[in-house]
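Work through the exercises below with the structure in view. Try each task before you read its solution.

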Amino acid sequence: MKSVAAIGLAIAAFAVIQGADAAPKKGVAIAPEEIVGARHAAMMMSSSAFGALKAQANADDLKRANFPAHALAGWAKAIPAMFPAGTDIPPSDALPAVWSDRAGFDAASRDFATATAAVTQAVAANDKAAYTAALDQVGKACSACHDKYRKADEKH
Ligand code: ASC
């Protein structure tokens, strides 16, 4: 009996440790307007990173593109989680379609993530042709998503 209790305790302790270390930390306290502020800042940093990437298009060595490429790729992956329900509030420029057409928004985010990942790969390979093509795809992914999911008059 004693060992059964010990096993039970061990399982419970394991579950607590797993919960603390492995579970996704959803539901942390952050105000909707703080999320909107973070989104805006990140989108402006995205634009800045994209500009830095374009400025390297004619470089012999793409190493200076590495940091902005990874910044953009990381942000692309984070985007869906940065648009949770309840953040359709001023001063957000997001259209209601982000939430009403969630599958489409997530797919558009994935296109951006795919294009930015291709940039990081082109940088790693120092492959100029792949780099230019991937940057073109990034620009298209930005516009495609903005056309459908961001207010038309907003441009930062
Ligand atoms: C930017 C920016 C966008 C996109 C888009 C790409 O730098 O602010 O919205 O790139 O213009 O086509």
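The expected span of a helix is 1.5 Å times one less than its number of residues. Keep that rule at hand for Exercise 2. The model is predicted.

**Exercise 1. The overall plan**

Task: State how many helices and strands the protein chain has, and how confident the predictor is.

Solution.
- Step 1. Count the elements. The protein chain has six helices and zero strands.
- Step 2. Read them in order. The pattern along the sequence is α-α-α-α-α-α.
- Step 3. Check the confidence. The pLDDT averages 88 over the protein chain, and 82% of the residues score at least 70.
- Step 4. Find a weak stretch. Residues 7-20 have a pLDDT below 50. Beyond near neighbours in sequence, that stretch makes three contacts in the model.
- Step 5. Look at burial and contacts. Of the 156 residues in the protein chain, 29% are buried. Take the contacts between residues at least 6 apart in sequence: 73% of them join residues at least 24 apart.

**Exercise 2. Two helices against the rule**

Task: Compare the reach of H5 with its expected span, then do likewise for H2.

Solution.
- Step 1. Take H5. This helix has 24 residues, and the rule gives 34 Å.
- Step 2. Compare. From first C-alpha to last, H5 reaches 35 Å, close to the expected value.
- Step 3. Take H2, residues 32-55. H2 also has 24 residues and reaches 35 Å, close to the 34 Å expected.
- Step 4. Look just past the end of H5. There asparagine 126 takes a positive phi of about 50 degrees.

**Exercise 3. The buried sides of H2 and H5**

Task: Find which residues of H2 are buried and which helices they pack against. Then turn to H5.

Solution.
- Step 1. List H2. Its buried residues are Ile35, Val36, Arg39, Ala42, Ser46, Ala49, Phe50 and Leu53.
- Step 2. Use the helical repeat. An α-helix has 3.6 residues a turn, so residues three or four places apart point the same way.
- Step 3. Name the partners. The buried residues of H2 pack against H3, H4, H5 and H6.
- Step 4. Zoom in on serine 46. Serine 46 counts as buried because its relative accessibility is 9%, and buried means under 20%. Leaving aside neighbours within four places in sequence, serine 46 contacts Leu72 and Trp75.
- Step 5. Turn to H5. Its buried residues include Phe105, Ala108, Phe112, Ala115 and Val119. Their cover includes H2, H3, H4 and H6.

**Exercise 4. The nonpolar core**

Task: Find which element gives the most residues to the largest nonpolar core.

Solution.
- Step 1. Size the core. The largest nonpolar core has 29 residues.
- Step 2. Find its best-connected members. Leu53, Phe112, Val119 and Tyr131 have the most contacts inside this core.
- Step 3. List the contributors. H2, H3, H5 and H6 each give two or more residues to this core.
- Step 4. Pick the leader. H5 gives the most, with eight residues.
- Step 5. Follow phenylalanine 112. Not counting residues up to four places away in sequence, phenylalanine 112 touches Leu72, Trp75, Ala76, Ile79, Val138, Ala141 and Cys142.

**Exercise 5. The rings around phenylalanine 83**

Task: Classify the pairs that phenylalanine 83 makes with tryptophan 99 and with phenylalanine 105.

Solution.
- Step 1. Start with the total. The structure holds three aromatic pairs.
- Step 2. Take tryptophan 99. Its ring centre is 6.4 Å from that of phenylalanine 83, and the planes meet at 50 degrees, so this pair is tilted.
- Step 3. Place the partners. Phenylalanine 83 sits in the loop between helix H3 and helix H4, tryptophan 99 in helix H4, 16 residues apart.
- Step 4. Take phenylalanine 105. Here the ring centres are 5.0 Å apart and the planes are at 65 degrees, so this pair is edge-to-face. Phenylalanine 105 lies in helix H5, so the pair ties together parts 22 residues apart in sequence.
- Step 5. Check burial. Both phenylalanine 83 and phenylalanine 105 are buried.
- Step 6. Widen the view. Phe83, Trp99, Phe105 and Tyr149 form one aromatic cluster. Arginine 39 lies over the face of phenylalanine 83, at 4.1 Å from the ring centre.

Terms used
Residues are numbered from 1 along each chain as its sequence is written. This is a predicted model: local features need pLDDT of at least 70, side-chain atom pairs count only at pLDDT 80 or more; totals for chains, interfaces and linings use all residues. Side-chain values use heavy atoms; hydrogens and water are left out. pLDDT is the predictor's confidence in each residue, from 0 to 100. Contact means heavy atoms within 4.5 Å. Rings of Phe, Tyr and Trp (its six-membered ring) pair if their centres lie within 6.5 Å; planes under 30 degrees apart count as stacked, over 60 as edge-to-face and the rest as tilted. Helices (H or I, at least four residues) and strands (E, at least two) are DSSP runs, numbered from the N terminus. Buried means under 20% relative accessible area, exposed over 50%, partly exposed in between (1.4 Å probe, protein chains only). A charge sits over a ring if NZ of Lys or CZ of Arg is within 6 Å of the ring centre and within 35 degrees of the ring normal. A nonpolar core is a set of buried Ala, Val, Leu, Ile, Met, Phe, Trp, Tyr and Cys residues joined through side-chain atoms within 4.5 Å.
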